[in-house]
Amino acid sequence: MKPQNKSRSLIYLDNNATTPVAAESAAAVSRCLRLCYGNPSSSHAPGINARTSVDKGRREIADLIDAKPDEIIFTSGGTEANNMAIMGTAFRFKKGHIITSCIEHPSVLKPVNYLESLGYSVSYLPVDNYGIIDPSVLEKHLRRDTVIISIMHSNNETGSIQPIADVGKIARERSIVFHCDAAQSVGKVPVNVKKLRVDLLTIVSHKFYGPKGVGALFVKRGTALKPLLFGASHEKGLRPGTENVAGIAGLGEAAALAKSEMPQRVAVMKLLSKKLYEGICSEIPGIRLNGHPSKRLPNTLNISFPGVEGSVLLEKLKNDIAASTGSACHEGRQSPSSVLKAMGRSDEDAFSALRLSLGRNNSERQINRAVRLIVKAYRSLRH
Ligand SMILES: *Cc1c(COP(=O)(O)O)cnc(C)c1O
């Protein structure tokens with residue numbers, strides 16, 4: 001399905017902000033809205049029908065990450081899943097120590113900051129020039145009272161992928177709860193909760209062609225959490241409230257689609273982003289890729305353009321290309337990306353960055369056209 005833009009020719013390269021809903025997922029949502037009107041907690045036929053739909057979604061998302069269906073807790077999205085994981089773990093203790101990284105999404109950093117204000121202590125791990133943490137540095141920060149480690153799978157701005165399995169090994173050896181925000185990775189690259197040895201993992205539907213306003217937290221069997229919301233006993237009492245039945249159906253369908261398309265998705269994204277990057281590099285000298293050259297999401301290119309501000313370039317391109325500078329969540333605020341700054345970039349390099357994130361709707365023709373448009377816009381600004 002093509003994204004439904006008014007201007008048919010707009011090239012959507014902002015898939016890390018959100019993705020267009022896949023036709024299969026939209027159809028599942030629509031089918032559910034029309035046919036599954038019952039309350040999944042009711043024992044009559046319409047209720048059972050809705051419950052069956054929720055159960056299917058739970059199996060499909062569990063299947064994508066190699067979890068069991070009873071290890072999936074549905075939420076309103078990634079923000080809620082991250083808050084639930086971090087505060088739900090920390091609140092089991094009156095105080096304690098938290099380890100995270102300085103490049104996490106605000107939905108991890110803000111709850112951690114809040115816990116700090118309550119008296120918990122926090123270690124914010126640094127990253128190298130590629131935006132990657134060092135597990136041996138993490139090991140040095142471990143304390144007797146460390147209650148949770150929270151490290152993202154891949155970064156939303158640069159696409160750099162963290163050594164999650166290594167952190168998982170360290171955490172499991174010491175029985176410390178390990179949370180991973182995999183919002184940007186699930187559906188883009190294989191994510192396996194067993195191989196990664198995570199206890200908690202955040203999943204966001206709208207980052208992989210599902211609807212917005214729905215997500216999930218993987219909670220490994222035996223991992224205790226305090227609820228943040230109080231009400232009836234839905235989702236094992238961890239997340240009370242009548243389920244978002246249609247949203248869950250859409251999330252499940254998006255997960256099934258991701259599973260069946262995964263090898264092809266990775267290969268096509270790699271090919272197209274290579275084409276885009278090499279096309280730009282061959283025409284503009286001094287281009288700099290922000291993020292790890294190989295340990296990265298196949299769809300994400302964060303590029304610094306010498307002598308031009310990313311926001312100015314974006315403005316010039318806005319009728320043809322939708323992309324972003326830094327993280328979409330920070331837009332409107334004119335400060336250099338804290339992620340790029342943490343990677344040791346100068347203010348100038350950080351301000352000149354553009355994030356181009358590809359998706360399954362992009363064609364090779366679009367990518368060739370994007371190269372021409374970007375090069376033309378850059379040259380006109382340099383003159
Ligand atoms: C998008 C995103 C989130 C938050 O998801 P919402 O659905 O907007 O709540 C969390 N973490 C990362 C890394 C993200 O990219």
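These legends describe close-up views of a predicted model. Residues are numbered from 1 along each chain as its sequence is written, and side-chain values use heavy atoms, without hydrogens and water. In this predicted model, local features need pLDDT of at least 70 and side-chain atom pairs count only at pLDDT 80 or more, while totals for chains, interfaces and linings use all residues.

**View 1. The ligand and its shell of 13 residues.** A residue is near the ligand if one of its heavy atoms lies within 4 Å of it. T79, D181, Q184, H206 and K207 come nearest. By class, the shell holds 3 nonpolar, 8 polar and 2 charged residues. Here Ala, Val, Leu, Ile, Met, Phe, Trp, Tyr, Cys and Pro count as nonpolar, Asp, Glu, Lys and Arg as charged, and the others, Gly among them, as polar. Helix α3 (residues 78-90) gives the most to this shell, with 3 residues. Helices (H or I, at least four residues) and strands (E, at least two) are DSSP runs, numbered from the N terminus.

**View 2. Side chains that meet the ligand's N and O atoms: T79, D181 and K207.** An N or O atom in the side chain of T79 is 2.6 Å from a ligand oxygen. For the side chain of D181, the partner is a ligand nitrogen, at 2.7 Å. The side chain of K207 has an N or O atom 2.8 Å from a ligand oxygen. The ligand taken alone exposes 390 Å², and the protein buries 86% of that. Accessible areas come from the Shrake-Rupley method with a 1.4 Å probe.

**View 3. Helix α4, residues 106-117.** This helix has 12 residues. From first C-alpha to last, α4 reaches 16 Å, close to the 16 Å expected at 1.5 Å a residue. That expected span is 1.5 Å times one less than the number of residues. Buried residues of α4 (under 20% relative accessible area) include V108, L109 and L115. Their cover includes α3, β3 (97-101) and β6 (177-181). Contact means heavy atoms within 4.5 Å. Just after α4, G119 takes a positive phi of about 115°.

**View 4. Helix α12, residues 364-382.** Helix α12 has 19 residues and reaches 27 Å, close to the 27 Å expected. Its buried residues include I367, L373 and Y378. The buried residues of α12 pack against β1 (11-12), α8, α9 (310-317), β11 (321-322) and β12 (353-357).

**View 5. P263 in helix α8 (residues 245-283).** Is P263 buried or exposed? P263 is exposed, with a relative accessible area of 62%, where exposed means over 50%. The C-alpha atoms of P263 and I73 are separated by 27 Å. Along the chain, P263 and I73 are 190 residues apart.

Methods:
A polar contact is a pair of N or O atoms within 3.5 Å; within protein, one must be able to donate a hydrogen and the other to accept it, and residues adjacent in sequence count only if both atoms are side-chain atoms. Buried means under 20% relative accessible area, exposed over 50%, partly exposed in between (1.4 Å probe, protein chains only).
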